[in-house]
Structures are given as C-alpha cells and as structure tokens.
Amino acid sequence: MSSVKRFESANHRLLRLSLVAVWLITALVSWLEWQGDSTRLLLTAGLTNVTVMNVIIFGGALLDLLIGYWLWLRPSRVIYVVALVSMMVMTVVATILLPHLWLHPLGVLSKNIPIAAILWVLIKGEEVKGAS
C-alpha cells in the first residue's frame, strides 16, 4: 500500500472513530438525561404527552446507539449513508420544532454541518475503494 493510501486510510479511520464517539456519547447522554435535558427539550418544543416523549427519547437514543456501534464494528458506505440521512432528518425536525437551536453557543445544530461533511468524505472514500 502506498504511503498516500495509508495516510488516507488512517485519516478515514480517525474521522470514522470520531463519529463513533459522537453517536455513542449522544446515546449515553440521552439516556442519562432522560428525565432532565432530553425531556425539557421536548417540552420546549411543545410536546406534553409523556408517552410520546419517552418513545422519542428512547427511539433516538437507541438509533444513536445502533449507528454508533455499526460505524464502529461494520464501517461501510451503507452505514455512512444511514448516518447521514438520520442526522439530516433529525436536523430538519429539530429546525422545525426548535429553530433557536441554530443559535445555541455550543452548536447544537450547527455541528451537524461538519458531521455531514465527514460522512460525505467517508462515503466518497468507500466509492473510490470499491472502484479500485
């Protein structure tokens, strides 16, 4: 393997593992903050049905956990696309329900822009790898 391909492979691994951390930490925080920030966020969005809120929190945490593990254990173009689409859907829903999160100083939604770029790089890397 050429030094350029090794460098590219190492960089892709670093990008992928950083996304693994994001998704797994997000799942963990959603669970830990189930009755705290997670619920408060949904209340701020206007939701009041506890069952619906619990399903949303559980479903989101489970999806984050599954994506994190899939990225970690079985990296492929498929999971990169799944992660990108799920992140885009969650971003659109959050934008509709809580548009002020775009202005949050910690980048609650704006952080999704570089995450989308990383996923795009990984998708394209898989396409190149598959073509060679």
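Which side chains meet in a salt bridge? In this predicted model, the partners are aspartate 37 and arginine 40, with N and O 2.6 Å apart. The count of salt bridges comes to one. Both residues sit in helix 2, and because they are three residues apart there, about one helical turn separates them. Neither end of the pair is tucked away under the cut-offs used here: anything from 20% to 50% relative accessible area goes down as partly exposed. Aspartate 37 comes in at 44%, so it counts as partly exposed. Arginine 40, at 46%, is likewise partly exposed.

Stepping back to the whole chain, the tally is five helices and zero strands. Read along the sequence, that gives the pattern α-α-α-α-α. The C-alpha trace spans about 55 × 30 × 20 Å along its principal axes. Of the 132 residues, 29% count as buried. The chain exposes about 8400 Å² of area, and 73% of that is supplied by carbon and sulfur atoms. As for how the chain meets itself, take the contacts with a separation of 6 or more: 65% of them come from residues 24 or more positions apart.

Helix 2 has more to show than its salt bridge. This helix covers residues 37-44, and threonine 39 is part of it. Threonine 39 has a relative accessible area of 13%, and since buried means under 20%, this residue is buried. Setting aside neighbours within four places in sequence, threonine 39 is in contact with Glu33, Trp34, Met53 and Ile57. Two of these names, Met53 and Ile57, turn up again among the buried residues of helix 3.

Leucine 43 is also found in helix 2. With a relative accessibility of 45%, leucine 43 counts as partly exposed. Beyond its neighbours within four places, leucine 43 is in contact with Thr48 and Met53. So what about a residue much further along? Leucine 43 and valine 92 are 49 residues apart along the chain, and 18 Å separates their C-alpha atoms.Next comes helix 3, which takes in residues 50-73. Its 24 residues reach 34 Å from the first C-alpha to the last, close to the 34 Å expected at 1.5 Å a residue. At the start of this helix, a side-chain oxygen of asparagine 49 comes within 2.9 Å of the backbone nitrogen of threonine 51. The buried residues of helix 3 are Met53, Ile57, Ala61, Asp64, Ile67, Gly68 and Leu71.

Helix 4 runs over residues 77-97. It has 21 residues and reaches 30 Å between its first and last C-alpha, close to the 30 Å expected at 1.5 Å a residue. Buried in helix 4 are Ile79, Tyr80, Ala83, Leu84, Ser86, Met87, Thr91 and Ala94. There is also a nonpolar patch on the surface, formed by Val85, Val89, Val92, Val93, Ile96 and Leu97. Together these residues offer about 520 Å² of accessible area. Leucine 97, one of the patch members, lies in helix 4. With 41% relative accessibility, leucine 97 counts as partly exposed.

Leucine 98 has its place in the loop between helix 4 and helix 5. Is leucine 98 buried or exposed? At 6% relative accessibility, leucine 98 counts as buried. Not counting residues up to four places away in sequence, leucine 98 touches Leu41, Thr44, Ala45 and Leu109. Leucine 98 and glycine 46 are 52 residues apart in sequence, yet their C-alpha atoms are 9.4 Å apart in space.

Valine 108 is placed in that loop too, ahead of helix 5 (112-131). Its relative accessibility is 32%, so valine 108 counts as partly exposed. Valine 108 lies 17 residues from threonine 91 in sequence, and the distance in space is 9.6 Å from C-alpha to C-alpha. Threonine 91, for its part, is among the buried residues of helix 4.

Technical notes: Residues are numbered from 1 along each chain as its sequence is written. This is a predicted model: local features need pLDDT of at least 70, side-chain atom pairs count only at pLDDT 80 or more; totals for chains, interfaces and linings use all residues. Side-chain values use heavy atoms; hydrogens and water are left out. Patches are made of residues with over 30% relative accessible area and no salt bridge: like charges are joined within 9 Å, nonpolar side chains (Val, Leu, Ile, Met, Phe, Trp, Tyr) within 5 Å. Accessible areas come from the Shrake-Rupley method with a 1.4 Å probe; for residues, only the protein chains shown count as cover. A salt bridge is a side-chain nitrogen of Lys or Arg within 4 Å of a carboxyl oxygen of Asp or Glu. Helices (H or I, at least four residues) and strands (E, at least two) are DSSP runs, numbered from the N terminus. Buried means under 20% relative accessible area, exposed over 50%, partly exposed in between (1.4 Å probe, protein chains only). The expected span of a helix is 1.5 Å times one less than its number of residues. A polar contact is a pair of N or O atoms within 3.5 Å; within protein, one must be able to donate a hydrogen and the other to accept it, and residues adjacent in sequence count only if both atoms are side-chain atoms. Contact means heavy atoms within 4.5 Å.
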